[in-house]
Amino acid sequence: TTFQDGGEEVEDGAVYNVTLKKVQIQQAANKGARWLGGEGDQLPPEHTVRQYETSKIRAIKAGTLEKLVENLLTAFGDADFSYISIFLATYRAFASPRAVLELLLDRFGNLETSNQGEVANLNSLESEMVLRAEIASVLRAWLDQCSEDFREPPDYMCLLKLLDYLKNNMPNSDMESRVQNLLKQFQNQEVEAVDGFCSTSSSDLVDGEELEISSPEEFSSFQDHVVAEQLTYMDVMLFRRVVPYHCLGSIWSQRDKKENKNLAPTVRATITQFNAVTKCVISTILGTRELKIQQRAKIIEKWIHIAHECRILKNFSSLRAIISALQSNSIYRLKTTWMCVSKDILLMYEELSEIFSDHDNYLTSRELLMKEATSKFANLDSSEKENQKKSQKRLQLQKIKGVMQGTVPYLGTFLTDLIMLDTALQDYVEGGLINFEKRRREFEVIAQIKLLQSSCNSYCLLPDQKFIQWFRRQRHLTEEESYKLSREAEAAADTNILSPKSQKSMVKRISTLFLGTDVFTPPKEQPLKGSPVGGSSGESTDSASVSSCEFNHSETEDVCVTPISSPEDPLKKVHLGTCPSNCCSDKGSGSSKGSICDAGSGLESGSIPSKDSGSVQSSTPRVLPVYNRQSEGSCIIRVSMDGLHASVYKSILITNQDRIPDVTQRALLKHNLEPDAVEDYELVQVISEDKELVFPRDANVFYGMNSHVNFDFILRKRA
């Protein structure tokens, strides 16, 4: 089979990509086949008669909403077999369920009022039956794949409209009874915004219970694999309920508007759980002041073991949450405590941390996730020998029991890819047509989410109410509290560690995703004379702070990406010496520290997955613009507002034609400010801590910017 680009076909309100598919067909003439040595009608290969068949595949590239809905009925005839799934997974970015349903039923489903020419031969009975069958096929796929689209309490207008259509056109059909059952199901259920077991609010506690910092003994009473299994159970329950279209960049980026406080609740729930795990790790390590350094080191070791158990269970969400907590500033700075962690466990920690290395757009974690997406068990071949032996025993036990596992991903990776796609590709093309090629690219990411959700059905985990109640009761420390307790535990142990100002902790970045409170940044510690300001490897605070990322509840779009060209913050190798008897040695570094990704959107840069999702492309897609790299006359920059929102970035796509007024206006719109106030602001590129590049009023941003540093800009009011 060979494919050939057939160019484009333009119709009124639609543009199609055309691909010619040439298929070789082998046939043999009946006469003389046996005489030539063939059995039956088959000829030997050297006497095969070769014939070719060419078929045309049409894939809609852009169109009006009416044309896109009409294409639902004709996609199979055009051999665009994935179109219905792509449309249903992404249409919420440009239309509402009611608008699509009305077009489908009123314009194309009502045979008496349909305009001639929209669907050929409507007057013939055969065509009517074919059309009804096509509409039924689309409705069936809609109910199968996106039944949540019809959850519109308390009126359920779309579901009632659909039911009325089925009663008139398909009475007593299976689909009619199915819609009736779905309506009853929705009416009998309370509206659930967020699953409750991951919340730590007092409303979820039993009467008389209060939030508390648990004792080390109580935490130690839970076996490592039990904790990992319960965290996985909670993550699985939440991830399976994620509605894929909630992850679309155009929807997720609007979550912080006042009128959208209930937008994308299923995604918010997974992030709330991620935050809860991260804060729980920090609270158990720092919450008890009376702990000795060896005891605190034992708790760190326990969490590393739990993280390893999460790896065996293929739970990358809680695994990342635990690693992120251990890399947070308040834990990372405990140098003496980390020196008391055993060598083998430190190696295990290093190995787990490497999974989320930001090298090459988090390539390691992406490849590992796709490799294990549908595998029955975790692949631990790369583990250290000692760790591998222990892991293989656990895996062998699971195989003997016949326990299969799914895969729980870190959702932030997909959120980032979808936000980058939304930023890089236009919603509409020439003529005001909806850019459906953008939706095909988005579906490639959505399809991966759906695949992983299906794999989660393989988990067989039961809730442990004792652990879940303990997890709910945990009082989470604020950033100020955790840093203060960390300083009390080891007052000056981090003179060679990055200060909080330059290395924002993971907890802060994640917690501000939903909490609207102001976050405390501890004062910068004064390093000793002669000691480097940067990390233990001599890295400067500039390079280390590049990957820091903050979110604010008031922002309309939060795109946080690790610069491609920024100096990588590698995992610092810890000194593997034994813990001294007095545990007060100043030798060795504290822990492994790396760039940590926000659960809201991740730190991945704009490399977009290009795995084929079944759609036909007429040509190789252009290279998409990404952050920190100028390519094909465009790139993505990050713009923050000077002052209150200085740490919250907005991603903006610029081209080599954009000048200061254009970029400034877009930045103001992104930050919910009046776009008419362009003349009141100046655009500044941050070169380093003490250097800035100020642009003249009419400069070309693309050519005027410094492309050798991070593409970070500040919008500042003119003096």
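1. The largest nonpolar core of this predicted model contains 133 residues. Within this core, the residues that touch the most other members are Phe87, Leu139, Ile285, Trp303, Ile322, Leu326 and Trp338. Helix H10, which covers residues 265-286, supplies the largest share of the core, namely ten residues. In soluble globular proteins, nonpolar side chains tend to be buried together.

2. Another core lies apart from the largest one and has 23 residues. Its members include Ile637, Val639, Ala667 and Ala677.

3. The charged side chains deserve separate attention. A search of the whole structure yields 28 salt bridges. One of these joins the side chains of Arg440 and Asp80, with an N to O distance of 2.8 Å. Arg440 belongs to helix H19 (residues 436-455), while Asp80 sits in the loop between helix H1 (65-74) and helix H2 (83-90), so this pair ties together parts that are 360 residues apart in sequence.

4. Are the two partners of that salt bridge, Arg440 and Asp80, buried or exposed? Arg440 has a relative accessible area of 0% and is therefore buried. Asp80 is likewise buried, because its relative accessible area is 2%, and the cut-off for a buried residue is under 20%.

5. A salt bridge also forms between the side chains of Arg638 and Asp712, at 3.0 Å from N to O. Arg638 is part of strand S6 (residues 634-641) and Asp712 is part of strand S10 (residues 712-717), so the pair ties together parts that are 74 residues apart in sequence. Both Arg638 and Asp712 are buried.

6. The side chains of Glu679 and Arg697 meet in a salt bridge as well, with an N to O distance of 2.9 Å. Each partner lies in a loop: Glu679 in the one between helix H24 (660-670) and strand S8 (681-688), and Arg697 in the one between strand S9 (691-694) and helix H25 (701-704). The pair links distant parts of the chain, 18 residues apart.

7. How accessible are Glu679 and Arg697? Glu679 has a relative accessibility of 52% and so counts as exposed, since the cut-off for exposed is over 50%. Arg697, at 48% relative accessibility, counts as partly exposed.

8. Finally, which residues are linked in a network of salt bridges? The network consists of Glu9, Glu11, Lys56, Arg58, Lys67 and Glu70.

Notes:
Residues are numbered from 1 along each chain as its sequence is written. This is a predicted model: local features need pLDDT of at least 70, side-chain atom pairs count only at pLDDT 80 or more; totals for chains, interfaces and linings use all residues. Side-chain values use heavy atoms; hydrogens and water are left out. A nonpolar core is a set of buried Ala, Val, Leu, Ile, Met, Phe, Trp, Tyr and Cys residues joined through side-chain atoms within 4.5 Å. Buried means under 20% relative accessible area, exposed over 50%, partly exposed in between (1.4 Å probe, protein chains only). Helices (H or I, at least four residues) and strands (E, at least two) are DSSP runs, numbered from the N terminus. A salt bridge is a side-chain nitrogen of Lys or Arg within 4 Å of a carboxyl oxygen of Asp or Glu.
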